[in-house]
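Biologist: Could you walk me through this model, one question at a time?

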Amino acid sequence: MHFTKDHEYVRLEGAVATVGISDYAQQQLGDVVFVELPAIGAKFAKGAAAAVVESVKAASDIYSPVSGEVVAVNDAVHAETSLINEDAQGRGWLFQLKLSEPRELDDLMDDAAYAEFLKTIA
């Protein structure tokens, strides 16, 4: 798994990257009440706003951690937004991208680096 400083994660499975928010991010947001997911076929450059997660505390843009085309969205989180709070890095994923620039993953943090990063902001 790879992470951004904005607390998005990427889990690579072949040429497809699953994107969501980290467990830390969902804890900071609180109870998620609404999710706006991108359309299948939408193309995003690395860093572009791709989705929105709203909680009882705030609304947050979710940025695409890598460039690519949306090939799937997690419709289950529309019906049950609590999935994001319950399992943000598992069943609460948001969308999947077919990578257009796989080398961009090299710019992201691995689990250990992300854990160290969290210590600097806690």
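Biologist: Which residues are linked with Arg-91 in a network of salt bridges?

Modeller: First, a word on the source: this is a predicted model, where local features need pLDDT of at least 70, side-chain atom pairs count only at pLDDT 80 or more, and totals for chains, interfaces and linings use all residues. Residues are numbered from 1 along each chain as its sequence is written, and side-chain values use heavy atoms, leaving out hydrogens and water. A salt bridge here is a side-chain nitrogen of Lys or Arg within 4 Å of a carboxyl oxygen of Asp or Glu. Arg-91 meets one partner at 3.8 Å, N to O, and another at 3.6 Å between the closest N and O atoms, so the network links Arg-91 with Asp-87 and Glu-86.

Biologist: Is Glu-86 buried or exposed?

Modeller: Buried means under 20% relative accessible area, exposed over 50%, and partly exposed in between (1.4 Å probe, protein chains only). Glu-86 has a relative accessible area of 51%, so Glu-86 is exposed.

Biologist: How far apart, N to O, are the side chains of Glu-116 and Lys-119 in their salt bridge?

Modeller: Both residues sit in helix H4 (residues 111-121), a DSSP run of H or I with at least four residues, numbered from the N terminus. Because they are three residues apart there, about one helical turn separates Glu-116 and Lys-119. Their side chains meet at 3.0 Å.

Notes:
Helix = DSSP H or I, 4+ residues; strand = E, 2+ residues; numbered from the N terminus.
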